[in-house]
Amino acid sequence: MMELVCPAGTPAALRAAVDAGAHTVYCGFADETNARNFPGLNFSRPEMAEGVAYARSRGARVLVAINTFPRAGEQTLWHRAVADARRAGAHAVILADPGLLAHAAETHPDLRLHLSVQAAAANPDAINFYAEAFGIRRVVLPRVLTVEEITAINREIDIETEVFVFGGLCVMAEGRCSLSSWATGLSPNMNGVCSPASHVVYDEVSGHNEARLGGLLIHRTPKGAPAPYPTLCKGCFTAPATETGPVQTGHIFEDPVSLDATELIPRLQKAGVTALKIEGRQRSRAYVAQVVRAFRAAVEAAEAGAPMPAGLLAKLTEGQSATTGAYAKTWR
């Protein structure tokens with residue numbers, strides 16, 4: 001059976017994920033070492049140890065995401081996070097920075113290393129480099145590949161692959177994004193913060209709702225209409241007229257919708273994928289429990305050769321809309 005890797009932004013969400021049937025839970029410490037560094041989220045050191053113990057007692061594993069990039073000369077915080085994850089009994093750590101990978105491999109040779117999606121390793125040469133240089137055991141593939149491309153990659157590597165199947169879509173190189181940093185001064189891959197709420201402002205202007213990020217207008221929607229969170233890469237932009245077309249207004253980079261690859265699970269299984277990853281460490285424990293239950297049913301159906309359950313999570317997607325994203329690559 002493919003491994004189901006589920007998010008936990010809080011200790012309560014970790015317990016909810018394990019109780020709902022997660023094989024593995026991923027989480028992070030409450031600091032800049034992980035890419036979901038938001039107020040009210042993440043784990044203290046004692047909470048992490050308690051969470052690992054809870055998961056293990058129920059046959060589940062915990063992965064600790066230490067997947068931001070240390071600032072030059074300030075790597076001590078990241079080194080301490082790796083040591084603390086090992087001390088807590090984590091099954092593996094999820095890393096992206098080559099220097100941190102080298103440190104973990106040399107200092108903690110018994111610790112299992114997974115390559116974060118933020119490393120953006122999307123071809124066999126890159127993946128094999130990380131495997132040979134640092135001994136990584138699994139790569140989390142960027143959300144830019146088709147199922148056929150994933151199949152081809154798995155033929156040329158000797159480590160496990162993990163792919164995203166549900167949740168928010170990051171349309172840049174998986175967190176290596178300059179847009180949030182440009183608008184707010186905070187970077188998802190350096191500070192662990194993308195489009196932070198502290199920089200979001202909503203206003204009612206001339207009968208419309210306006211959502212701004214760092215002072216930039218991201219969305220303007222009619223009063224009473226759903227207003228998406230103002231993430232810059234999913235903003236609505238106006239492109240000027242050209243010789244071949246009129247002025248266009250729309251979502252230039254990506255629509256504010258969620259990934260849902262449930263229907264593709266049998267194909268991903270055939271492609272040789274080891275683990276299916278759900279995004280959502282910023283979500284509530286109720287959300288986590290519902291999504292995990294649905295995907296546990298789906299992976300069990302795939303194992304039995306049964307049809308995929310459909311429509312279970314429509315109300316939990318962003319904008320109540322979903323896409324298979326780059327798996328189909330209709331934009332090519």
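A crossing of two helices is called right-handed if the near helix is turned clockwise from the far one by less than a right angle, and left-handed if it is turned anticlockwise. Keep that in mind, as helix crossings come up soon. What you have above is a predicted model, where local features need pLDDT of at least 70, side-chain atom pairs count only at pLDDT 80 or more, and totals for chains, interfaces and linings use all residues. Residues are numbered from 1 along each chain as its sequence is written, and side-chain values use heavy atoms, with hydrogens and water left out.

Let's start with the helices. Helices (H or I, at least four residues) and strands (E, at least two) are DSSP runs, numbered from the N terminus. Their axes are lines fitted to C-alpha atoms, for helices over the stretch in contact, and angles run from 0 to 180 degrees between N-to-C directions. Take α3 (residues 76-88) and α4 (residues 98-107): their axes come within 11 Å and cross at roughly 40 degrees. Angles under 35 degrees count as roughly parallel, over 145 as roughly antiparallel, 65 to 115 as roughly perpendicular, and the rest as oblique. That is why α3 and α4 are oblique to each other, and their crossing is right-handed.

Now look at α1 (residues 11-20) and α9 (residues 285-304). Here the axes come within 8 Å and cross at roughly 20 degrees, which means α1 is roughly parallel to α9. This crossing, too, is right-handed.

On to the strands, which pair if DSSP finds at least two bridges between them. Strand β2 (residues 24-27) runs parallel to β3 (residues 61-66), joined by 4 bridges. Within that pairing, C27 has V64 in β3 as its bridge partner. Buried means under 20% relative accessible area, exposed over 50%, and partly exposed in between (1.4 Å probe, protein chains only). By that yardstick β3 is mostly covered, with 5 of its 6 residues buried.

A second parallel pairing links β6 (residues 138-140) and β7 (residues 160-168) through 3 bridges. Find V139 and you'll see T161 of β7 standing opposite. Of the 9 residues in β7, 8 are buried, so this strand is largely enclosed by the rest of the structure.

Further along the chain is an open sheet of 3 strands in the order β8-β9-β10, with antiparallel pairing. Which strands stand at its edges? They are β8 (200-205) and β10 (216-222), each with a single partner strand, so one side of each is left without a neighbour in the sheet. Neighbouring strands here are turned by 20 degrees against each other on average, direction ignored. The antiparallel pairing of β8 with β9 (residues 208-213) covers 6 bridges, and Y202 stands opposite A211 in β9.

Next come the aromatic rings. Rings of Phe, Tyr and Trp (its six-membered ring) pair if their centres lie within 6.5 Å; planes under 30 degrees apart count as stacked, over 60 as edge-to-face, and the rest as tilted. By this rule there are 4 aromatic pairs. One of them is F129 with Y130, an edge-to-face pair at 5.4 Å centre to centre and 70 degrees between the planes. Y130 also pairs with F134: their centres are 6.1 Å apart and their planes at 40 degrees, so this pair is tilted. Y130 and F134 are 4 residues apart in helix α5 (residues 124-134), so about one helical turn separates them. F129, Y130 and F134 form one aromatic cluster. How covered are its members? F129 is partly exposed at 45% relative accessible area, whereas Y130 is buried at 10% and F134 is buried at 14%.

Other rings have a charge over them, meaning NZ of Lys or CZ of Arg is within 6 Å of the ring centre and within 35 degrees of the ring normal. R143 lies over the face of F164, 3.8 Å from the ring centre. K277 does likewise with Y26, at 4.3 Å.

Finally, a look at the backbone. Most residues other than glycine have a negative phi. A120, however, has a positive phi near 55 degrees; A120 lies in the loop between β5 (113-115) and α5 and is partly exposed at 30% relative accessibility. S195 has a positive phi as well, near 50 degrees. You'll find S195 in the loop between α7 (179-184) and β8, where S195 counts as buried at 2% relative accessibility.
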